[in-house]
Amino acid sequence: MGREMEFLYVSSRIKALETRLLGKSAIDRILEADGPEEALKVLSDTDYGADIAEMENIYDFEKVLEKSLKRTFKTIADSIKDYRFIRFFTLKNDYHNLKIIIKNKILGLEGKDYFSSLGEVQTEELQKLVTEDVTAAVPESMKEAYKRAIEIYEDTQDPQQIDLLLDRMLFEELAGLVNDTGEEFLKEYFVSMVDLTNIRTMVRLMHMKAETRLLEKSLLPGGSLKKDVFMKLFTEPIQGVIDAFASSPYHRVVEEGVSAWANSGSPAIFEKLSDDYLLKLARRGLYKPYGPETVVGYLAARENEAKLLRIILVGKINGISSEMIKERLRDVYV
């Protein structure tokens, strides 16, 4: 109870913020809007309105979503003692930016269009790694990640190895962060995220008829499913994979998602079901008055909301029908 009491203040703020999350009816109204301009007009009547008013064109919607998430991270950070809960959600954005820095170096580019503003390490500081500037204000873990990524590329000349290495180092750092908090719920959420990611990776490589050693390099650390499980299933037919997870917590995701993947050649349904599984797990925070669950749940809900809006708006911009967009939409938190 003592540890949970630390979450009283932040949880009370979150309970007020939860009332401003977009529910199913709001998402449906945006989805049914006639084109991207109309969708943004509907969205203007929500908390996104002020940022939408500053947009120069419809393609600026990504900046709107990032600005909104950035405010959320700051609001929660100002209300919580244990910042590691925020870092759990922001760390991936720093590694995303590190990947861009490294690939720009390799290709001789200076593009900044794909940087995420949701990272906590300034991209200008990350850029200093390229020139070996010792003043770079970058965590030691990311300096090491940069060094090892450059070395592995120089050895292999394979850009894919950069992604594999940095993804593994990201999840190693996340695993350490989660274990340091000592919070079982955050650990459960993280473990499920790793397991589902590893299942998706295995099935994708099976479809590619990739070699076993690529699977071994691609599996992320921190899950409940051991490497041996994936190595054994990798040589099985798709139905064997489905059968193997029949009694696991992920049975529905695997049965419906992998079957749809086999029939369509697309992982879209599997990815949707995986996200829905994690959101259902996170939704425990909606029903607890206070505690770590409320923080994890709300931050997961905000990221999910941004993903929903991104799917809809990208679909609208590209002229995809509402019916087809709806097939890819995730559940809502509230």
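**Close-up 1. The side chain of Asp94 and its polar partners in the predicted model.** The side chain of Asp94 reaches the backbone nitrogen of Glu120 at a distance of 2.9 Å. Asp94 is also joined to Arg87, through a polar contact of 2.7 Å between the two side chains. Asp94 belongs to helix H7. With a relative accessibility of 0%, Asp94 counts as buried. When neighbours within four places in sequence are left aside, the residues in contact with Asp94 are Arg87, Gly119, Glu120, Val121, Leu126 and Met142.

**Close-up 2. Helix H7, residues 84-107.** The 24 residues of helix H7 reach 34 Å from the first C-alpha to the last, which is close to the 34 Å expected at 1.5 Å a residue. Helix H7 nevertheless contains a kink of about 40 degrees, and this kink is centred on Thr90. Of the 24 residues of H7, 17 are buried, so the helix is largely enclosed by the rest of the structure. Just after H7 comes Gly108, which takes a positive phi of about 70 degrees.

**Close-up 3. The aromatic pair of Phe7 and Phe85.** How many aromatic pairs does the model contain? The count comes to seven. One of them joins Phe7 and Phe85 in an edge-to-face arrangement, with 5.4 Å from centre to centre and 85 degrees between the planes. The pair links distant parts of the chain, as its members lie 78 residues apart. Phe7 is found in the loop between helix H1 (2-5) and helix H2 (8-18), whereas Phe85 is in helix H7. Phe7 and Phe85 are both buried.

**Close-up 4. The aromatic pair of Phe88 and Phe190.** The rings of Phe88 and Phe190 also form an edge-to-face pair, with 6.1 Å between centres and 80 degrees between planes. This pair likewise links distant parts of the chain: Phe88 is in helix H7 and Phe190 is in helix H11, 102 residues apart. Is Phe88 buried or exposed? Its relative accessible area is 5%, under the 20% cut-off, so Phe88 is buried. Phe190, at 2% relative accessibility, counts as buried as well. Both residues take part in one aromatic cluster, formed by Phe88, Phe89, Phe171, Tyr189 and Phe190. Beyond its neighbours within four places in sequence, Phe190 is in contact with Phe88, Phe171, Leu174, Ala175, Val178, Pro221 and Gly222.

**Close-up 5. The largest nonpolar core and a second core.** In soluble globular proteins, nonpolar side chains tend to be buried together. The largest nonpolar core of this model holds 86 residues, and those that touch the most other members are Ile76, Phe88, Leu98, Phe190, Met202 and Val295. Helix H11 (residues 184-207) gives the most to this core, contributing twelve residues. A second core, separate from the other, has 24 residues, among them Leu31, Ile52, Ile311 and Ile312.

**Close-up 6. Helix H10, residues 159-181, and its two ends.** Helix H10 has 23 residues and reaches 34 Å from its first C-alpha to its last, close to the 33 Å expected at 1.5 Å a residue. At the start of the helix, a side-chain oxygen of Asp158 comes to within 3.0 Å of the backbone nitrogen of Gln160. H10 is followed by Gly182, which has a positive phi near 70 degrees.

Definitions and conventions:
Residues are numbered from 1 along each chain as its sequence is written. Side-chain values use heavy atoms; hydrogens and water are left out. Helices (H or I, at least four residues) and strands (E, at least two) are DSSP runs, numbered from the N terminus. The expected span of a helix is 1.5 Å times one less than its number of residues. The bend at a residue is the angle between axes fitted to the seven residues ending there and the seven starting there. Buried means under 20% relative accessible area, exposed over 50%, partly exposed in between (1.4 Å probe, protein chains only). A polar contact is a pair of N or O atoms within 3.5 Å; within protein, one must be able to donate a hydrogen and the other to accept it, and residues adjacent in sequence count only if both atoms are side-chain atoms. A nonpolar core is a set of buried Ala, Val, Leu, Ile, Met, Phe, Trp, Tyr and Cys residues joined through side-chain atoms within 4.5 Å. Contact means heavy atoms within 4.5 Å. Rings of Phe, Tyr and Trp (its six-membered ring) pair if their centres lie within 6.5 Å; planes under 30 degrees apart count as stacked, over 60 as edge-to-face and the rest as tilted.
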